[in-house]
Amino acid sequence: LCWICSSLSEKPVMHSYVPGQVSFSAGGVARNIAENLARLEVPVRLFGMVGKDEAGQRLIRDTARAEVEVSGIVQDPELATAQDVSIFDEEGDLLVAVTAVETMSQLSAQDLAVQAEALFDADYLVVDTNLSLPCLQYLLTEANDRNIPFVIDPVSVPFTAKVNQLSGEIFLATPNEREAEALARPVDKLLITRGKRGVVWVEKETEQSFSVPLQSRPASTVGA
């Protein structure tokens, strides 16, 4: 996903121009998780689909530069690479985002099955809900059958509906507060992100939870 980020310098005035900064980068929730793991020197392989366009080439190049294995990314010359335009307020919290992720919906469970040997050679399987529901269900079923912990980020409140429809054991979900409210199925563990207020960790088995406040101002409170 090609991420276009607009950060406002002052309180927004609706239906008017507002000063701020605009940046372009490789993005996508799962891709960003992969890059952060690689920065922590955790071996990680990324699977997905991009177009064979400039944005797709840049995404693969920037991700590979971060030491993420990118051989699992499919390039389709018939499709445009997914894009996200996010606008953040003066506090760094997300105001609104527009996403065009039709490319990811073209990735099928059959496409993933072709790469099953590499895909499931993992200690953890981490996904986001930009994938189609059949893809998510295939990955969850295979992960459960192979005893691989399944981790999912709901991405957005509307996409949380996909999580609710999945059948199988989810080891960890990482919603924000609004997505957590929309989550209507059990998961073993929850890591609820709360922007500048930090995170809340919840475990189903022990019925325990604790919160961790953020000690610094986040550059971004979303995973796109």
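Student: Is Arg146 buried, exposed or partly exposed?
Tutor: This is a predicted model, and the value is computed from it. Arg146 has a relative accessible area of 42%. Partly exposed covers the range between 20% and 50%. So Arg146 counts as partly exposed.

Student: Which side chain does Arg146 meet in a salt bridge?
Tutor: Side chains of opposite charge can pair when their charged atoms come close. A salt bridge needs nitrogen and oxygen within 4 Å. Here the N to O distance is 3.1 Å, and the partner of Arg146 is Glu142.

Student: How many salt bridges does a search of the whole structure find?
Tutor: One of the linked groups is a network of Arg31, Glu35 and Arg39. Asp62 also takes part, with Arg58 and with Arg65. The search of the whole structure gives a count of seven.

Student: How far apart are the closest N and O atoms of Asp62 and Arg65?
Tutor: Both residues lie in helix α2, three residues apart. That spacing is about one turn of the helix. Arg65 is exposed, at 56% relative accessible area. The closest N and O atoms of the pair are 3.0 Å apart.

Student: What separates Asp62 and Arg58 along helix α2?
Tutor: These two also form a salt bridge, with closest N and O atoms 3.5 Å apart. Arg58 is partly exposed, at 34%. Asp62 and Arg58 are four residues apart in the helix, so the separation is about one helical turn.

Student: In what order do the four strands of the open sheet lie?
Tutor: The pairing in this sheet is mixed. Its edge strands, β2 (20-26) and β6 (94-100), each pair on one side only. The order is β2-β1-β5-β6.

Student: Which residue in β2 is the bridge partner of Ile4?
Tutor: Strand β1 covers residues 2-8. β1 pairs with β2 in the antiparallel sense, over seven bridges. In β2, the partner of Ile4 is Phe24.

Student: What angle does the direction of helix α2 make with that of β2?
Tutor: Helix α2 spans residues 54-65. The helix packs on the sheet and touches β1 and β2. Its direction makes an angle with that of β2 of about 75 degrees.

Student: How many disulfides are there?
Tutor: The two sulfur atoms of a disulfide must lie within 2.5 Å. For Cys2, the nearest cysteine sulfur is that of Cys5, 12 Å away. Cys2 is buried at 15%, and Cys5 is buried at 9%. The disulfide count is zero.

How values were computed
Residues are numbered from 1 along each chain as its sequence is written. This is a predicted model: local features need pLDDT of at least 70, side-chain atom pairs count only at pLDDT 80 or more; totals for chains, interfaces and linings use all residues. Side-chain values use heavy atoms; hydrogens and water are left out. Buried means under 20% relative accessible area, exposed over 50%, partly exposed in between (1.4 Å probe, protein chains only). Two strands pair if DSSP finds at least two bridges between them. Helices (H or I, at least four residues) and strands (E, at least two) are DSSP runs, numbered from the N terminus. Contact means heavy atoms within 4.5 Å. Axes are lines fitted to C-alpha atoms, for helices over the stretch in contact, and angles run from 0 to 180 degrees between N-to-C directions.
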